[in-house]
Amino acid sequence: YGTSEDYDGMHDVLLSYIYPSSSGDEVAVTEEQYLAYTAYLKDGEITDTFFDGFMFLPYVKYLYAGGEKKEMPKEDWQRYVDFQFIDGYNMDALDAAVDRTKTSLGLDDDYTVGTYLSIFYPVYGATNFGELNGRKMDFSNIEDRKAVIKWFIDEQIAQFEAKDYDSVRISGFYWFVEEMSGSDPHIVELCNYTCDYVRSLGYQTTWIPYF
């Protein structure tokens with residue numbers, strides 16, 4: 001098993017699910033909800049730190065329908081990124097909860113928790129993503145799939161950095177799908193490209209395989 005040093009100093013990582021939805025059933029996490037995970041609470045009082053890593057990911061139903069991966073248009077990819085950084089919730093709320101935790105415990109101002117951000121899977125053969133950089137994407141083309149993954153990573157980093165958080169940092173990116181599909185002729189090249197690009201930016205890649 002990897003050590004804490006292998007994982008950007010993190011010891012315990014929480015899967016933090018969010019769900020952007022236009023049908024009224026969205027799920028956003030509040031500061032109070034995160035406080036129960038950033039801080040160890042005893043009788044409602046902060047007595048210690050708790051989780052020091054948080055993996056942001058969507059509910060499975062955002063990316064799947066009936067067990068099949070959705071062929072999602074660009075606006076659905078963008079909706080998730082925007083929702084991750086909406087004012088007062090999700091990443092904002094985590095940052096605020098960590099702020100409260102370290103202030104209460106008298107920790108150094110530079111105390112932060114790590115975060116992993118998700119990378120969605122561009123479904124092989126899909127043609128409904130839309131345009132990127134003025135060109136219609138076709139996911140039967142490996143270069144188009146790589147371009148969308150790069151855009152998705154870059155967009156999350158840009159929005160994270162624009163927030164100028166005090167108490168959270170990006171540690172890496174999480175490859176969301178839990179299997180390596182043999183029906184996808186690009187899967188190995190796609191994963192290698194993703195890992196190489198993320199690591200070239202100084203971040204880690206991580207995965208939770210289904211067995």
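The exercises below concern two strands and two pockets of a predicted model.

**Exercise 1**

Describe how strands β10 and β11 are paired and how the chain passes from one to the other.

Solution.
- Step 1: Locate the strands. β10 covers residues 168-175, and β11 covers residues 204-207.
- Step 2: Look at the pairing. The two strands run parallel and are joined by four bridges. One residue pair to find is G172 with its bridge partner in β11, Q204.
- Step 3: Follow the chain. After β10 it passes through helix α6, residues 187-200, before it reaches β11.
- Step 4: State the hand. This β-α-β crossover is right-handed.

**Exercise 2**

Which residues are closest to the centre of the largest pocket, and which elements give two or more residues to its lining?

Solution.
- Step 1: Note the volume, about 210 Å³.
- Step 2: Go to the centre. Of the 14 lining residues, Y7, H11, V13, Y116 and T206 are the closest to it.
- Step 3: Assign elements. Two or more lining residues come from β1 (13-18), and two or more from β11.
- Step 4: Sort the lining by class. Eight residues are nonpolar, five are polar and one is charged.

**Exercise 3**

Into which classes do the lining residues of the second largest pocket divide, and how many fall in each?

Solution.
- Step 1: Note the volume, about 160 Å³.
- Step 2: List the lining: G67, E68, K69, Y121, V123, Y124, S181, S183 and D184.
- Step 3: Pick out the nonpolar residues. Tyr and Val count as nonpolar, so Y121, V123 and Y124 belong here.
- Step 4: Pick out the charged residues. Asp, Glu and Lys count as charged, so E68, K69 and D184 belong here.
- Step 5: Place the others. G67, S181 and S183 count as polar.
- Result: three nonpolar, three polar and three charged residues.

Conventions: Residues numbered from 1 in each chain as written. Predicted model: local features only at pLDDT ≥ 70, side-chain atom pairs only at ≥ 80, totals over all residues. Heavy atoms only, no water. Pairing = 2+ DSSP bridges. Right-handed = clockwise from strand over helix to strand, strands pointing away. 1 Å grid on protein atoms, 1.4 Å probe; cavity = no way out; pocket = protein on both sides within 12 Å on 5 of 7 lines; lining within 4 Å. Points joined across faces, edges and corners; volume = space filled by probe spheres on them.
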